[in-house]
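Biologist: I should like to learn how to read a structural model step by step. May we begin with the pairing of charged side chains?

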Amino acid sequence: MQHDPTHQTPQQQFKYIHRQLYIFRKHHVSVVKQALILIVACSFVLYSLFFTNVPAIHDFFHELRHALGIIPCH
Amino acid sequence: MVICCFSLQLLSAVLVQAEQGALTVEMTTMPAVETIRPDADLVRVTLTFLQHAQPLNQAHVQIDVTAPSHSRLLSTDFPIVEGTHLLSLASVITDGTLTFDYLFPIRGTYTFDVTVTPDPKNAAMPPTTVHKTLHLRENPAEVRHAWLLVAGLFVFGAISGIFMARSAAAKEQTATIIAFAILCAAALGAEAADAAATQTPQAPAGWSLEIQATPEQATVGEPVQLAIALKKDDKIFTAPMQVSLDIHHLEDDKAVFHTQTLAADGATSLRFQFFDGAPHTVTVTARPIEDMAFAQEAPPLRAVLGMEVMAIHPPLPVKLRTLALLIGVLVVGMLVGGFVLPVVKERGGA
């Protein structure tokens, strides 16, 4: 009940809103950062699927690699 | 109608006709060149040698096949093979033709260097070298799959772009992606391959057929010299022999190469590049032509050589270039989804 803004004074409400905005800004990820994270993640996934030399992964996706015609394999 | 069909068949079959001096070399393939799928169809290549429109008899022919060169943009699925020497085949021809079956590994333009050395009695024709090319398209199914991958990446990028444009904070989604990326990052590493060759000659009644690979360890991108010798009482049988050579890909259970050649002096050799890092078998059968006692006595001699081919992984720049192209498609999709689509929608709404 202490943090309920409806039962607080205007000053307490202001502090509460200010605190929430601070948390929001602190955890906000900009669009550019989101795009970069997505690109890095997709690079890892695509490299793992199509380009890694780890035998278990390579052998599992070997036919897929050759079925695409543009993925370099051995 | 018959003439029309015959003409069409000739158009599809005859690829190149080269004439140098009095020698004409024609190259035909079965199936037709437009329908050949690399690394899928075993292609019968027939070279016909004509001198003054007559089949060339008693000549020594050497064929060297070179793989298509590197592409600046898109790699093939066997980048190590690109631009390398694939095959050297030598034979004596007696009926004006030389035939071999070959599994072409990649798309692109292959170069055939055909050297014809006529019989010494044929003084009218000097040794001649003819250059020919053979262009193969990519397997249509693989082209379709590649476009599906590109389209999938573009759509995924566009959807991601739309979400990122609409939502200021996509923490949960990003965290999920990061966790997935960390899991996949564990996949990076290196792989080693080992291989060994065995030889199984058969030697009935004083005869033996020997096949020797140099180097013994085959490696993708490097031709292997296969020396074949027919021996009688441990001495090379210096007379014409007919040689049949088969190379089989054990992992995929498919034929890679087949030919029948004529060796003038009981020994011949073949330079062959194994383009896939997988176990192969080389089977050679040989029979002396002029030794009637042998022909009545036994079936052709047979030797089998097992070849474990060492794989060479693609160079890192080639991998990164292809990865950059795929990521580029994703980025274009994100830009379209994040910027272009909202603007179009806004204008449509206005």
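Modeller: We begin with a definition: a salt bridge is a side-chain nitrogen of Lys or Arg within 4 Å of a carboxyl oxygen of Asp or Glu. In general, side chains of opposite charge can pair when their charged atoms come close. Please keep in mind that this is a predicted model. Here, B:Asp252 and B:Lys254 satisfy the rule, with 3.5 Å from N to O.

Biologist: With which other residue does B:Lys254 form a salt bridge?

Modeller: The partner is B:Asp39, and the closest N and O atoms of this pair are 3.0 Å apart. B:Lys254 lies in strand β15 (residues 254-263) of chain B, whereas B:Asp39 lies in the loop between β2 (23-30) and β3 (42-51) of chain B. The two residues are 215 residues apart, and their pairing links distant parts of the chain. Taken together, B:Asp39, B:Asp252 and B:Lys254 are linked in a network of salt bridges.

Biologist: Are B:Lys254 and B:Asp39 buried or exposed?

Modeller: One compares the relative accessible area with a cut-off, and under 20% means buried. B:Lys254 counts as buried because its relative accessibility is 19%. B:Asp39, at 17%, is buried too. B:Asp252, by contrast, is partly exposed, with a relative accessible area of 33%.

Biologist: How many salt bridges are there over all chains?

Modeller: The count over all chains comes to six. One of the salt bridges joins the side chains of B:Arg37 and B:Asp41, at 2.7 Å from N to O. B:Arg37 is partly exposed, with a relative accessible area of 36%, while B:Asp41 counts as buried at 13% relative accessibility.

Biologist: How should I read chain B as a whole?

Modeller: One may look at its secondary structure, its burial and the spread of its contacts along the sequence. Chain B comes to five helices and 18 strands. Of its 350 residues, 45% count as buried. Among the contacts in chain B with a separation of 6 or more, residues 24 or more positions apart account for 70%.

Biologist: How many residues does each chain bring to the contact between chain A and chain B?

Modeller: Chain A brings 35 residues and chain B brings 51 residues. The two chains bury about 3900 Å² between them, with 72% of that area on carbon and sulfur atoms. On the side of chain A, A:Asn53, A:Ile70 and A:His74 lose the most area to chain B, together 19% of what that side buries.

Biologist: Which elements of chain A give two or more residues to the side that touches chain B?

Modeller: They are α2 (31-50), α3 (55-60) and α4 (62-68) of chain A. Of these, α2(A) gives the most, with 15 residues. By class, this side of chain A has 23 nonpolar, eleven polar and one charged residues.

Biologist: How many salt bridges and polar contacts cross this interface?

Modeller: The rule finds zero salt bridges between chain A and chain B. Seven residue pairs are in polar contact, with both residues at pLDDT 80 or more.

Biologist: What is the confidence in chain A?

Modeller: In general, where pLDDT is low, the predicted coordinates should not be read in detail. Chain A averages a pLDDT of 85, and 92% of its residues score at least 70. Within chain A, confidence is lowest in helix α1 (residues 10-27), at a mean of 83, and highest in α2(A), at 92.

How values were computed: Residues are numbered from 1 along each chain as its sequence is written. Chains are lettered from A and ligands numbered from 1 in the order in which they are written. Side-chain values use heavy atoms; hydrogens and water are left out. Contact means heavy atoms within 4.5 Å. Buried area is the accessible area (1.4 Å probe) that two parts lose on being put together, summed over both. A polar contact is a pair of N or O atoms within 3.5 Å; within protein, one must be able to donate a hydrogen and the other to accept it, and residues adjacent in sequence count only if both atoms are side-chain atoms. Helices (H or I, at least four residues) and strands (E, at least two) are DSSP runs, numbered from the N terminus. Ala, Val, Leu, Ile, Met, Phe, Trp, Tyr, Cys and Pro count as nonpolar, Asp, Glu, Lys and Arg as charged, and the others, Gly among them, as polar. pLDDT is the predictor's confidence in each residue, from 0 to 100. Buried means under 20% relative accessible area, exposed over 50%, partly exposed in between (1.4 Å probe, protein chains only).
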